[in-house]
Amino acid sequence: MTPMPRTVLTFGTFDVFHVGHLRILERAASLGDRLVVGVSADELNLRKKGRTPVFSEAERLAIVNALKVVDDVFVEESLEQKRDYILEHQADVLVMGDDWAGKFDEFNDICEVVYLARTPAISTTAIIEHIAEL
């Protein structure tokens, strides 16, 4: 009997896409057979960060979906719907950046929760601030 494919689910804004985004998605993909990515809605980013992303929701979805390590993308409308997204996409593993360490342990009852270290010295906010200074 063939084992069921292992689905990995992760989330992010993925604005001003950079190598840190690529590395975390590659590492997430290596934890399973299929990578599904929730891209934060523009409205969610406005509520969460107090600003809209530089690139639109549609552009960010297209960029992430074009990556060969990504199998499927969807719009994440709400932080409070993580459990629903995990169940809907039948995720075996939830991957989050280690800046969220411990915050999603409540989902260990339905999937494995893994926190991955972020790529050092790379941040979208820092990139945006650097560009603004030019």
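In this predicted model, T7 has R34 as its bridge partner in strand β2. That pairing belongs to a set of 6 bridges joining strand β1 (residues 7–12) to β2, and the two strands run parallel. The points below cover the sheet, the nonpolar cores, the aromatic pairs and two loops.

**Sheet and helix α1**

- The sheet is open and consists of 5 strands in the order β3-β2-β1-β4-β5, with parallel pairing.
- Strands β3 and β5 stand at the edges with a single partner strand each, so one side of each has no neighbour in the sheet.
- From one strand to the next, the twist averages 25°.
- Helix α1 packs on this sheet and touches β1, β2, β4 and β5. The direction of α1 makes about 140° with that of β2.

**Nonpolar cores**

- The largest nonpolar core has 18 residues, of which L25, L35, V37, V64, V70 and V95 touch the most other members.
- At least two residues of this core come from each of α1 (19–29), β2 (34–40), α3 (57–65), β4 (93–97) and β5 (112–116).
- Helix α1 gives the most to this core, namely 4 residues.
- Which residues is L25 in contact with, leaving aside its neighbours within four places in sequence? They are T10, F14, F17, L35, V37, L67, V69 and V70.
- Another core, of 13 residues, lies apart from the largest one; among its members are F74, Y85, M96 and F104.
- As a general point, nonpolar side chains in soluble globular proteins tend to be buried together.

**Aromatic pairs**

- The model has 6 aromatic pairs.
- In one of them, the ring centres of F74 and Y85 are 5.1 Å apart and the planes are at 45°, so the pair is tilted. A tilted pair is one whose planes are neither under 30 degrees apart nor over 60.
- This pair links distant parts of the chain, with F74 in strand β3 (residues 72–76) and Y85 in helix α4, 11 residues apart.
- Both F74 and Y85 are buried.
- Ring pairs also bring in F11, which forms a cluster with F74 and Y85.
- The ring of F11 has the charged end of K82 sitting over it, 4.0 Å from the ring centre.

**The loop between α4 and β4**

- H89 lies in the loop between α4 (82–88) and β4, and Q90 is in that loop as well.
- Is H89 buried or exposed? H89 counts as buried because its relative accessibility is 13%, and the cut-off for buried is under 20%.
- Not counting residues up to four places away in sequence, H89 touches T7, R34, V36 and F74. Two of these, T7 and R34, are the bridge partners named at the start.
- Q90 is exposed, with a relative accessible area of 63%.
- The phi of Q90 is near 50°, a positive value in a residue other than glycine.

**The loop between β1 and α1**

- F14 is found in the loop between β1 and α1.
- The phi of F14 is near 55°, which is likewise positive in a residue other than glycine.
- F14 counts as buried because its relative accessibility is 5%, whereas Q90 is exposed.
- F14 is also one of the residues in contact with L25.

Terms used. Residues are numbered from 1 along each chain as its sequence is written. This is a predicted model: local features need pLDDT of at least 70, side-chain atom pairs count only at pLDDT 80 or more; totals for chains, interfaces and linings use all residues. Side-chain values use heavy atoms; hydrogens and water are left out. A nonpolar core is a set of buried Ala, Val, Leu, Ile, Met, Phe, Trp, Tyr and Cys residues joined through side-chain atoms within 4.5 Å. Buried means under 20% relative accessible area, exposed over 50%, partly exposed in between (1.4 Å probe, protein chains only). Contact means heavy atoms within 4.5 Å. Rings of Phe, Tyr and Trp (its six-membered ring) pair if their centres lie within 6.5 Å; planes under 30 degrees apart count as stacked, over 60 as edge-to-face and the rest as tilted. A charge sits over a ring if NZ of Lys or CZ of Arg is within 6 Å of the ring centre and within 35 degrees of the ring normal. Two strands pair if DSSP finds at least two bridges between them. Axes are lines fitted to C-alpha atoms, for helices over the stretch in contact, and angles run from 0 to 180 degrees between N-to-C directions.
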